[in-house]
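Reader: I'd like to learn how to read bound ligands in a model like this one. Could you walk me through it?

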Amino acid sequence: MNRMERPEIWGTLKDAPDIREKIRVFEEVIPDDVDTILDVGCGDGAITNALGRRWTVTGVDSSSAALRHVTTEAVLGDARSLPFADGSFDLVMSSQMLEHLDDESYADALSELRRITRAYLLISVPFREDLGSRMIRCPRCGLQQHVWGHLRGFTPESLIRDLTDFEARDVRTFGDLQPPAWPAPLLWVMHNIYGSWYPPEGQHAQCARCGNTDFGAMRTSRPFLGLVKRAIDRIGFRSGYPFWLAVLARRQLPGQGDQSDRPPWRLARGQVGGSVAGERVREPR
Ligand SMILES: C[S@@+](CC[C@H](N)C(=O)[O-])C[C@H]1O[C@@H](n2cnc3c(N)ncnc32)[C@H](O)[C@@H]1O
Ligand SMILES: [Zn+2]
């Protein structure tokens, strides 16, 4: 069974502190001239349902198990090809979905989001995620994969660049601070010499190749290398950064053209590594 169709994954998120934080940030950044919202990859509606109290929201997801919890209008569909007309929602959002897509699906999904919105995109993805540090290895078939199936990482720059013909209006990082990235050689030793991987407990991990969900035989301890990593972080003054990135972007008006000589957004000083949950990091025009 596809991981996203497992019923036990869904219905428990709505009161989680990080979901509440996301709802608060989204409510703050959604512009005043928005009435209708399409939430693509809405999952169990933990965010969708909350936004539905204030806006007219439609959720779409490819998991029927997740959609059972959605209380707004809900549509079973694939982000790569959506059954909505061009410009049919004031704002199209997607939270924590794009990092799950391979290159081709990512390009197709983004072009659908850009096609369907009348004006705004609101995209949230993990901020500079250290994908390598969350790798697991299937004890049954040997596949190495990210514990949640993430396939891609994002910086504000990379995400904004991918939103062709849209201009960033608000760029925020928020949420719990995550530890600094593992140095690649240390990670290599941990995986290939120690044979030790990310602890999958409570993460509903599932092998993307053979479907295995039992990772009990996978080694997860990292005592010595964990100490080395902490020492490197301390000596290099490496500090953590917020887990989430959210970008609000607006369709460029005709004739506005390339904005690359004049970045329309900036990261606030001290934002990376600081506790700046929800802080506004883009100055409005
Ligand atoms: C990590 S959940 C995020 C749920 C919710 N948006 C949130 O922020 O909590 C990712 C969701 O994206 C959905 N998804 C993944 N690929 C999809 C696709 N191609 N089309 C539609 N939904 C997709 C999954 O079914 C899952 O519900
Ligand atoms: Zn496997």
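**Reading the two ligand sites**

Author: Let's start with ligand 1 in this predicted model: one of its nitrogen atoms sits 2.7 Å from a polar backbone atom of Gly41.

Reader: Which side chains have a polar atom 2.6 Å from an oxygen atom of ligand 1?

Author: Look for N or O pairs within 3.5 Å. Asp61 offers a polar side-chain atom 2.6 Å from a ligand 1 oxygen, and an N or O atom in the Ser95 side chain is also 2.6 Å from an oxygen of ligand 1. On its own, ligand 1 would expose 610 Å², and the protein buries 88% of that.

Reader: Who else is around ligand 1, and what classes are they?

Author: There are 19 residues around it, and the ones that come nearest are Gly41, Asp61, Asp78, Ala79 and Ser95. Sorted by class, the shell holds eight nonpolar, eight polar and three charged residues.

Reader: On to the zinc ion (ligand 2): which atoms coordinate it?

Author: For a metal, check the donor atoms, then the angles. Here the SG atoms of Cys138, Cys141, Cys207 and Cys210 coordinate the zinc ion, at 2.3 Å. Along the chain, these donors follow the spacing C-x2-C-x65-C-x2-C.

Reader: What geometry does the zinc site have?

Author: Four donors count as tetrahedral if all angles lie between 85 and 135 degrees. The angles here are 101 to 118 degrees, so the zinc site is tetrahedral.

Reader: Is Cys207 buried or exposed? And what about Cys210?

Author: Buried means under 20% relative accessible area. Cys207 has 3%, so it's buried, whereas Cys210, with 29%, is partly exposed.

Note on methods. Residues numbered from 1 in each chain as written. Chains lettered and ligands numbered in written order. Predicted model: local features only at pLDDT ≥ 70, side-chain atom pairs only at ≥ 80, totals over all residues. Heavy atoms only, no water. Donors = N, O, S within 2.8 Å, 3.2 Å for Na, K, Ca; no water. Tetrahedral: all angles 85-135°; square planar, octahedral: opposite > 155°, others 65-115°. Buried < 20%, exposed > 50% of the residue type's maximum accessible area, 1.4 Å probe, protein only. Near = heavy atom within 4 Å. Polar contact = N/O pair within 3.5 Å; in protein donor to acceptor, adjacent residues only side chain to side chain. Areas by Shrake-Rupley, 256 points an atom, 1.4 Å probe, with all protein chains shown as cover. Nonpolar A, V, L, I, M, F, W, Y, C, P; charged D, E, K, R; others polar.
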